[in-house]
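Let's take a walk through this protein, one part at a time. Keep the 3D view open and turn it as you read.

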Amino acid sequence: MAHSKVILKILFSLCVWSFVIIGLFKMHGTNLVPQEYQQVPLNGRILLQKDMRYAETTSTTTDHFDPSEILVDNRTAMDDDQLVRDVESRIPSLPIAYWSKNKDFLQQKSSTCAKYPSIFELEFNNIYWQTLRTSNGTFQLFGAYYDIRRTSLLGPTVRILGMIDRIEPKVKTFCQFWFDGQKEPFIVKTFEYKYIWYNKWGNYKQGIYQPYLIACQIPKPFHGVVPSSVSMVEKECDTATNNLRVIYNRPPDDQKKGFAVCVKGLDFLYDDLSVRLIEWIEMLNILGADKIYFYNLQVHPNITKVLNHYEQEGKVQVIPLTLPGGQPNVPGFQHLYLTKKTNHKRQNEVIPYNDCLYKNLYLYDYIALLDIDEVIMPKGGAVLWSELMAKVKPESLKIKPDGFHSYNFRNVYFLDDQQHEHGWHKDIPKYMHMLQHVHRAKNYTKPNQYVKCFHDPERVLTLHNHFPLSCLGGVCKSYPVDTQNAQLQHYRADCVKTLKKNCEEYREHSVEDKTIWKYKDELIRRTIKALDTLGFFRRQGLNSGSASGSGSSSSGLGLGGGATTHSTER
């Protein structure tokens, strides 16, 4: 009997300790059932019915579960027409609107010859390029443009901009023109491959993508009609793997604007040049640039913020850009590639320059190719570019009555350290680089070296960074604008590599040049307004006093003032 009592006491103690342990586990939220053996609920509804953790919250805050309280994009799905417009805005060279309109209409020369290619069967390369593979080279095509300029000896022509991995390509190709309402394409032989490079500059090798402008003449029966799209093929009956919308931008009233500025592919992934960019855009707007066209490779998020702001205001247009073929487009790696492969970089830059020219052939009187550290600065009594050219053009006609293809401006360096030796100007915000830097090299670079131009789009055929490479009506003629009338102000940390020997001379012999100060008040006002609108100031209200006294320090911005220029050029 005594033995039985001992056993019962032991069992009772074990039960008590078991309840204590279970209680402790419950207090600490530990699940006693191993995870792998937990029963999986049959469906979400049963799970929610059993889980009462949020029951009290649900009963007291039901208004928080109203779908209108959740910040998501609740727009209705796009219909086909909206989708077509969206894709066309993203890839302007794709004739998706024409394809959508005619997708149920059989277009071909015959059942076995020259069928209209579906947009789903095209060979795209790096988003914006389309490919033609031939028996002797591969073509990467970027854009096609309708050219009916009076000075062209070819008559109405479609010019195709692209890159070919051949020098002096010998392969015969054809253009298949597709016209709205026509069942069959009209096929013509390719007229020429115009090389947009000089072989003495380097990279003159087979297998490296080279820039070309390809010409196909429009047949006489279709003069006056703009093709909807064009395809390039090696054999005229081939079904094309490319199909480019033919771009023809013309103002409805045929009234041109004054000046467009084209900027090559921006490669500033790691350099926040946003404040410098704002000052530059505002300066060009004051001078009379009607629109600035930026081609965008990879940029810092703050630069994207600035570009989006000015694009919404209609002052700039941003065109995304990639490198064709096997060239890298991964952020960072692309920057490294362009830094180390300078000639490849230069050859790739030719594409956006000429795309900008041909998209704007009929829209502007003049087109300038500028980097974001360059300004064509009027001197003397001229304030605006239009006033400058009103003086320069009549002077040029005295020399060449039939006119020049372009007007070039001598380059002069405003090097960073030339100003740093003289200190800051207290009535100008430190972060306004151009207004602060008013000491330049005494001597200009040599005539025709490192110049920039106003190009006449009615007369030039292909453009390089500094000069037109080929022109309509013969050899290119560029008028050198006298430095008494204007100069190219170039803001850099150092000279270009090819001028290293001369750079010390430029540094040692400097002069003060405050030409830009005639725009000072307006440029400060506009820049501060943009910075404030975009939220670049650290403290609210700083903008009201940032143009004078201690407020002029760059410390009021979320980035340093007087940043070094990051720019390269041939």
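Sort the lining of the second largest pocket by class and you get 12 nonpolar, 6 polar and 5 charged residues. This is a predicted model, so take the pocket as part of a prediction too. Its volume is about 390 Å³. Of the 23 residues that line the second largest pocket, P92, Q317, I319, D355 and K359 lie nearest its centre. Which element gives the most to this lining? That would be β15, with 4 residues. Several elements supply at least two residues each, among them α4 (80–90), β5 (137–147) and α9 (342–359).

Now look for enclosed spaces. The structure holds 3 cavities of 30 Å³ or more, and the largest cavity has about 100 Å³ of space in it. Its lining is made of 13 residues, and L297, L321, L323, N348 and E349 are the ones nearest the centre. By class, that's 8 nonpolar, 3 polar and 2 charged residues. Here α9 gives the most, with 5 residues.

Stay with α9 for a moment, since V350 is found in that helix. Is V350 buried or exposed? With a relative accessible area of 1%, V350 is buried, because anything under 20% counts that way. V350 touches I196, W197, P211 and L463, leaving aside residues up to four places away in sequence. V350 and K264 make a nice pair to find as well: they are 86 residues apart in sequence, yet their C-alpha atoms are 8.2 Å apart in space.

K264 brings us to charges. Side chains of opposite charge can pair when their charged atoms come close. The count for this model comes to 28 salt bridges. K264 belongs to a network of them, linked with K345, R346, E349, D371, E374 and K452. You've met E349 already, as one of the residues nearest the centre of the largest cavity.

Other salt bridges can be viewed as pairs. D86 and R90 form one, with their closest N and O atoms 2.9 Å apart. Why are these two separated by about one helical turn? Because they are 4 residues apart in helix α4. R90 is exposed, at 53% relative accessible area. K391 and E395 also form a salt bridge, this one with 3.0 Å between the closest N and O atoms. They too are about one helical turn apart, because they sit 4 residues from each other in helix α10 (residues 385–399). K391 is partly exposed at 42%, and E395 is partly exposed at 25%. Then there's K400, whose side chain meets that of D402 in a salt bridge (2.9 Å, N to O). K400 counts as buried, with 17% relative accessibility.

Next, follow the backbone. Helix α6 (residues 274–287) has 14 residues and reaches 20 Å from its first C-alpha to its last, close to the 20 Å expected. It is mostly covered, with 14 of its 14 residues buried. Just after α6 comes G288, which has a positive phi, near 120°.

Positive phi also turns up in residues other than glycine. One of these is N126, with phi near 50°, in the loop between β3 (124–125) and β4 (129–134). N203 has phi near 60° and is found in the loop between β9 (192–195) and β10 (210–217). How do their surroundings look? N126 is partly exposed, at 27% relative accessible area, whereas N203 is buried, at 12%.

Notes: Residues numbered from 1 in each chain as written. Predicted model: local features only at pLDDT ≥ 70, side-chain atom pairs only at ≥ 80, totals over all residues. Heavy atoms only, no water. 1 Å grid on protein atoms, 1.4 Å probe; cavity = no way out; pocket = protein on both sides within 12 Å on 5 of 7 lines; lining within 4 Å. Points joined across faces, edges and corners; volume = space filled by probe spheres on them. Nonpolar A, V, L, I, M, F, W, Y, C, P; charged D, E, K, R; others polar. Expected span 1.5 Å × (residues − 1). Buried < 20%, exposed > 50% of the residue type's maximum accessible area, 1.4 Å probe, protein only. Contact = heavy atoms within 4.5 Å. Salt bridge = Lys/Arg side-chain N within 4 Å of Asp/Glu carboxyl O.
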